[in-house]
Amino acid sequence: MAEFRTGQARRVNRTGRYVVSSPNGTQAVDRAARLLTEVMHAPGSVTFTELAAATGLAKSTTSRLLLALERNGLVRRDDAGRFRPGEMFVRFAWRGGAEAGLTEVAQPYLDRLGEATGETVNLGVGRDGMVEQIAQVDSVYLIGATNWLGRAVPLHCSAAGKVLLAHGAATLPAGRLERRTDQTVTSRAALEAELATVIERGYAVIDGELEPGLVAVAAPIYRDGGAVVAALSVSGPGTRLTPPRIADVAAACVAQASGLSEILGHRPDRATPAAQAQAEREGAA
């Protein structure tokens, strides 16, 4: 049987576990650690009531400690108010550049962008010289509601691909650039000039380059250190994504991409590697 120091008390909570209390200053730390452990071990998100029951803590104590954990990025709430591991754990996981957990963290931002635009929203990453869509929110319209999940598309003629190329998160494969439509940019020099515009403007736009009539905008997703790891895009038919509307859609896309980047540890006041490289090129010119 486990030994307990003098002055400590133990009781059994509703899950049958022993709960140890301590009269000294470590008590709050112990309680917060128990809450954090429950959040980390839960198969999905967990409610406030479930956390209070699992730890045996009073609801007032549970509320106070969860607020402290949330302020410090150790837990976060989803749109339903349930608790998940916080930004600090996401940033730690991304130190190795892994994509694990990105879609789950990104989903609320995709959902908000879908609600704001009504169009198809995708999260794309560079893979094997292409762009692969790893998450999607469907358009509310029948026309334009294409399922891009798992589909790989060329970098040079997709909005997400141009974002990844511009920020050095993907590399064009060798050989001639495929002409998908009459609007596809197949000149590497012309593409390079357009990528410089992507950096300057903060987002990419395509109009009929991947498929006739398809318009898309995309913005970069940064991680800590300023590296781009993915692109957030909105796509739809040109009949809806008209030039006057593109600016509004692009602004919404950039806003949600920035919010997601902050969760991944990016600080926008720091120059990104792509921006630094661009500045060096301009200085040498």
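Start by selecting Leu-110, Leu-123, Ile-221 and Leu-232: in this predicted model, they touch the most other members of the largest nonpolar core, a set of 31 residues. To see where that core comes from, color helix H5 (102–117), strands S5 (120–127), S6 (130–137), S9 (214–222) and S10 (228–237), and helix H8 (243–263); each of these supplies at least two of its residues. Which element gives the largest share? It is H8, with eight residues. As background, nonpolar side chains in soluble globular proteins tend to be buried together.

Now keep Ile-221 selected and show its surroundings. Setting aside residues up to four places away in sequence, Ile-221 touches a run of neighbors from Ala-227 through Val-228, Val-229, Ala-230 and Ala-231 to Leu-232. Leu-123 is also in contact with Ile-221, as are Ala-257, Leu-260, Ser-261 and Leu-264. Apart from the core that holds Ile-221 lies another one, of 27 residues; to find it, pick Trp-148, Val-163, Leu-191 and Leu-210, which are among its members.

Next, stay with strand S10 and click on Ser-235, which lies in it. Is Ser-235 buried or exposed? Its relative accessibility is 7%, under the 20% cut-off, so Ser-235 counts as buried. Display its contacts beyond four places in sequence and you will find Glu-119, Thr-120, Trp-148, Leu-214, Val-215, Ala-216 and Leu-241. One of these, Trp-148, is a residue you have just picked in the 27-residue core.

Move on to a helix pair: select H1 (residues 27–41) and H2 (residues 48–55). Their axes are 10 Å apart, and the two helices pack at an angle of about 120 degrees. That angle is why H1 is described as oblique to H2. Turn the view to look along the crossing, where H1 passes H2 in a right-handed sense. For the side chains involved, show Arg-34, Leu-35, Glu-38 and Val-39 on H1, which meet Leu-51, Ala-54 and Thr-55 on H2. Coloring this contact by residue class gives four nonpolar residues, two charged and one polar.

Finally, zoom out to the whole protein. A cartoon view shows nine helices and 10 strands. Color by burial, and 45% of the 285 residues count as buried. If you draw a contact map, look at pairs with a separation of 6 or more: 54% of those contacts are between residues 24 or more positions apart.

Terms used. Residues are numbered from 1 along each chain as its sequence is written. This is a predicted model: local features need pLDDT of at least 70, side-chain atom pairs count only at pLDDT 80 or more; totals for chains, interfaces and linings use all residues. Side-chain values use heavy atoms; hydrogens and water are left out. A nonpolar core is a set of buried Ala, Val, Leu, Ile, Met, Phe, Trp, Tyr and Cys residues joined through side-chain atoms within 4.5 Å. Buried means under 20% relative accessible area, exposed over 50%, partly exposed in between (1.4 Å probe, protein chains only). Helices (H or I, at least four residues) and strands (E, at least two) are DSSP runs, numbered from the N terminus. Contact means heavy atoms within 4.5 Å. Axes are lines fitted to C-alpha atoms, for helices over the stretch in contact, and angles run from 0 to 180 degrees between N-to-C directions. Angles under 35 degrees count as roughly parallel, over 145 as roughly antiparallel, 65 to 115 as roughly perpendicular and the rest as oblique. A crossing is left-handed if the near helix is turned anticlockwise from the far one by less than a right angle, and right-handed if clockwise. Ala, Val, Leu, Ile, Met, Phe, Trp, Tyr, Cys and Pro count as nonpolar, Asp, Glu, Lys and Arg as charged, and the others, Gly among them, as polar.
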